[in-house]
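Biologist: Please take a close look at the aromatic rings of this structure and describe how they are arranged.

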Amino acid sequence: VFHWREFTYKKVPPGPSDHVKMHFELDGSICHIESGEAKRQQAEADAKREAREERQRALVAKALETGEDPSAATEPSKMGKNQFNYSDRAAQTFNQTRKERCVSTVPPE
């Protein structure tokens, strides 16, 4: 736990008898900008960007050869297949309608 007054992380609960168990722990995916992993990720991103720009240049050149408008030359989008079948009745929830329930008694005479 981060202690804001001291700007440090404190072990909770402190002491030799630790009663805290971590049932789930997730390490972050942050890496330093000068690390080898960050440089590799940046190189992959640059390669993908260069490949996309090269494909766009090829499409514009092809559009100019055929006499089409080069600004309208774009890559065909690759839409993924829908993974869910919403037509299944089991996938659809049924909401029960609210019924008014009341009890009325006749007071004794």
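**Aromatic pairs**

Modeller: Searching the whole structure yields four aromatic pairs, where rings of Phe, Tyr and Trp (its six-membered ring) pair if their centres lie within 6.5 Å, and planes under 30 degrees apart count as stacked, over 60 as edge-to-face and the rest as tilted. One of them joins Phe2 and Trp4 in an edge-to-face arrangement, with 4.7 Å centre to centre and 75 degrees between the planes. Phe2 also pairs with Phe7: the ring centres are 6.4 Å apart and the planes stand at 65 degrees, so this pair is edge-to-face. Ring pairs link Phe2, Trp4, Phe7 and Tyr9 into a cluster.

The model is predicted; local features need pLDDT of at least 70, side-chain atom pairs count only at pLDDT 80 or more, and totals for chains, interfaces and linings use all residues. Residues are numbered from 1 along each chain as its sequence is written, and side-chain values use heavy atoms, with hydrogens and water left out.

As to accessibility (buried means under 20% relative accessible area, exposed over 50%, partly exposed in between, with a 1.4 Å probe and protein chains only), Phe2 is partly exposed at 27%. Trp4 is exposed, at 64% relative accessibility, and Phe7 is exposed as well, at 58%.

Phe7 lies in the loop between strand S1 (2-3) and strand S2 (8-9); strands (E, at least two residues) are DSSP runs, numbered from the N terminus. The phi of Phe7 is near 55 degrees, a positive value in a residue other than glycine. Most residues other than glycine have a negative phi.

Technical notes. Helices (H or I, at least four residues) and strands (E, at least two) are DSSP runs, numbered from the N terminus.
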